[in-house]
Amino acid sequence: MSDEELSTETAETSSEDTEIKTISEINNALKDKFRLTQDEEILKDIKPSIFAFVPMYLIAITIFGVHWLFSVDWTSNDDDNMFVKLMFELVNITKIGEIGFVIIMLGIAWFNRMMNGSTSGKWTTIFLLIVALTPPTLRLDDVIAWFMDKESGFIPLDSYNMIIAGLFWSILFALMTLLYQRSFHYAITNHRVVFMQHLILPGDGRRILFDNINEIRTQRTFLGALFGYNTIICDTGSQLGIGEDSMSVSVGTASGGNSGESVTPEGEITKGLFRKMFAFLTYQRSRKIDLPDPRFSFFCITDWKSIEQLLNEMHQRHSQSGILNELKDQIA
């Protein structure tokens, strides 16, 4: 064997050893991440698709779009359509305390809440409410500074620039969604399925043995069919991830102060208005739906057919019939 062939073979052997070492290090890191037992082996690890949270990113685009609409200098003529006339009036109202902008953003928050979909959670609603109420908060800060004879208020912002604010809020919401999306990691081992979430506190998750799974089913949406992903639910009979989406609106039923305090009629009216406004914005219609939770299901995963087949095979192997068939084969 020539020196050139020997060096080539040595280089290939070194490359294979490096690759095997890298794979081993990755497997060990995954075992530590999923906190597996000594005899457990990872058969497959999966993460949600990059398109899993498309509706959330559409919310970010909507936030910027509303800011952009109110940054345009609209003019209205008799020949203009209803949309142009409406935006002209809303922009004019917005010049007085950003009232028009607040109305539109509160309307979006309420409509998104009423849709009762994947974007109707409380954190999305709270974020939209913060975006909607930021301009009047800045105006209130200026009024407080004027009463206190100060040159500037407590908040170091003199004006609410629609384009800059729209970019800030939409990018912030998109980054939060991306961080939330990348926090999920799933694994199929030779003993169980593991659902992990590493968001703020690492290691939050759930482990389900195959013999505790009653049913393996899929749930596909229109977006899933469009972008090629699917959600696989491992049903354990505990109704995990299945619930009634509802929110209590029993605000204003209890007294807001102590019995020894004197309450003016004006204060009661103000409290009642705030309670009614909060109830209106946070109201959510109730319905019984199959709600897959990203923490407890294979949420919006690609290559879902092979994952479903692997789950069915492992479920069959660990079921009573699978164990009996294995014993029968050993006896035979």
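This passage describes a three-stranded sheet, the helix across it, and a few single residues in a predicted model. Residues are numbered from 1 along each chain as its sequence is written. Because the model is predicted, local features need pLDDT of at least 70 and side-chain atom pairs count only at pLDDT 80 or more, while totals for chains, interfaces and linings use all residues; side-chain values use heavy atoms, without hydrogens and water.

Three strands form an open sheet in the order β5-β6-β9, with antiparallel pairing. Strands are DSSP runs of E with at least two residues, and helices are runs of H or I with at least four, numbered from the N terminus. Two strands pair if DSSP finds at least two bridges between them. The edge strands, β5 (215-219) and β9 (298-301), each pair on one side only. From one strand to the next, the twist averages 20 degrees. Strand β6 covers residues 230-235 and is joined to β5 by five bridges. Here R217 stands opposite I233 in β6.

Helix α9 (residues 304-318) lies across β5, β6 and β9, where contact means heavy atoms within 4.5 Å. The helix runs at about 15 degrees to β6. Axes are lines fitted to C-alpha atoms, for helices over the stretch in contact, and angles run from 0 to 180 degrees between N-to-C directions.

C234 counts as buried because its relative accessibility is 6%. C300 is buried too, at 5%. Buried means under 20% relative accessible area, exposed over 50%, and partly exposed in between (1.4 Å probe, protein chains only). The structure holds zero disulfides, a disulfide being a pair of cysteine sulfur atoms within 2.5 Å.

K85 sits in helix α3 (residues 82-94). Its relative accessibility is 30%, so K85 counts as partly exposed.
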